[in-house]
Amino acid sequence: MSQTILLPIDLTDRATWEHALPRALDLASGGVLHVQTVIPNFGMSMVGNYFGETFIKRALHDVGERLVQWTQDNVPDEQEVHPHVTHGRIYDEIIRAAARLKVDTIVIGAKKPHVSEYLLGPNAARVVRHAPQSVFIVRG
C-alpha cells in the first residue's frame with residue numbers, strides 16, 4: 001500500500017527517529033517519505049528580538065544541510081524522500097506540514113514517558129489531538 005508519510009525528527013535526539021524511521025519506511029514503501037525537522041521559536045518575542053533575520057536564514061540553511069545529510073545516511077536510496085526544515089512551534093509546524101504535503105500518516109518517535117508527561121511528550125500529544133491525519137506513535 002503506497003502512502004505519503006511525514007516523519008518529524010529532532011536531529012540532535014536519536015530517540016526521535018531510531019525506532020520511528022523503520023516504521024515510517026514500512027508505511028511509505030512505494031510511496032513518499034517526508035522528513036521534517038523544526039527549528040523552535042525563541043519563546044517570548046523579547047528574546048527573539050536579539051536574533052536578526054539573518055540568524056534565522058542561516059540556521060534554516062545549516063539545519064537543512066544537516067537534514068539532507070541525515071536522509072542520505074539513513075534512508076535507503078530506493079525510497080523517495082523529501083527533507084523539510086521549518087521554524088516555529090514544533091507541534092504547529094508538524095500539523096501545518098502534514099496538511100501542506102497532504103500526508104496520509106504522521107509517524108512520531110516518542111521516548112518512554114516519565115510520570116510528568118502522562119503517556120506522551122507535549123509536542124506528540126498536541127499533534128495526536130489536533131492532526132486530522134492518522135498519527136502513529138512509535139515507542140523506543
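Good morning. A residue counts as buried when its relative accessible area is under 20%. Glu93, at 10% relative accessibility, therefore counts as buried. I shall return to this residue shortly. Please keep in mind throughout that the structure before you is a predicted model.

Let me begin with the overall architecture. The chain contains five helices and five strands. Read from the N terminus, these elements follow the order β-α-β-α-α-β-α-β-α-β. The chain has 140 residues, and 42% of them count as buried. Its accessible surface comes to about 8300 Å², and carbon and sulfur atoms contribute 54% of that area. As for contacts with a separation of 6 or more, 78% of them join residues 24 or more positions apart.

How confident is the prediction? The mean pLDDT of the chain is 86, with 85% of the residues reaching 70 or more. Confidence is highest in strand E1, residues 4-8, at a mean of 97, and lowest in helix H2, residues 45-48, at a mean of 63. Over residues 115-119 the pLDDT falls below 50, and this stretch has three contacts in the model beyond near neighbours in sequence.

I turn now to the salt bridges. Side chains of opposite charge can pair when their charged atoms come close. How many salt bridges does the structure hold? There are three. One joins Arg96 to Glu93, with N and O 2.5 Å apart. Both residues belong to helix H4, residues 90-101, and they are three residues apart, about one turn of the helix. Here we meet Glu93 again, which is buried at 10%, whereas Arg96 is partly exposed at 47%. Another salt bridge links Asp92 and Arg89, whose closest N and O atoms are 3.7 Å apart. Asp92 is partly exposed, with a relative accessibility of 27%. The remaining bridge is between Glu18 and Arg14, at 3.2 Å from N to O. Glu18 is partly exposed as well, at 37%.

Following helix H4 onward, we come to Lys102, in the loop between H4 and strand E4, residues 105-110. Most residues other than glycine have a negative phi. Lys102, however, is not a glycine and has a positive phi of about 55°. Is Lys102 buried or exposed? Its relative accessibility is 65%, and it therefore counts as exposed.

Next, the aromatic residues. The structure holds one aromatic pair. It is formed by Trp17 and Trp70, whose ring centres are 5.1 Å apart; the planes stand at 80°, so the pair is edge-to-face. Trp17 sits in the loop between E1 and helix H1, while Trp70 is in helix H3, residues 53-74; the two are 53 residues apart, and the pair thus links distant parts of the chain. Both Trp17 and Trp70 are buried.

Finally, I would like to consider Thr37, in strand E2, residues 32-40. With a relative accessible area of 5%, Thr37 is buried. What does its side chain reach? It comes to 2.9 Å from the backbone oxygen of Ile9. Leaving aside residues up to four places away in sequence, Thr37 touches several others, including Ile9, Asp10 and Leu11, as well as Val63, Leu67 and His84.

In closing, I would draw your attention once more to two residues: Thr37, buried at 5%, and Lys102, exposed at 65%. Thank you for your attention.

Conventions: Residues numbered from 1 in each chain as written. Heavy atoms only, no water. Helix = DSSP H or I, 4+ residues; strand = E, 2+ residues; numbered from the N terminus. Buried < 20%, exposed > 50% of the residue type's maximum accessible area, 1.4 Å probe, protein only. Polar contact = N/O pair within 3.5 Å; in protein donor to acceptor, adjacent residues only side chain to side chain. Contact = heavy atoms within 4.5 Å. Salt bridge = Lys/Arg side-chain N within 4 Å of Asp/Glu carboxyl O. pLDDT = per-residue confidence, 0-100. Phe/Tyr/Trp six-rings, centres within 6.5 Å; stacked < 30°, edge-to-face > 60°. Areas by Shrake-Rupley, 256 points an atom, 1.4 Å probe, with all protein chains shown as cover.
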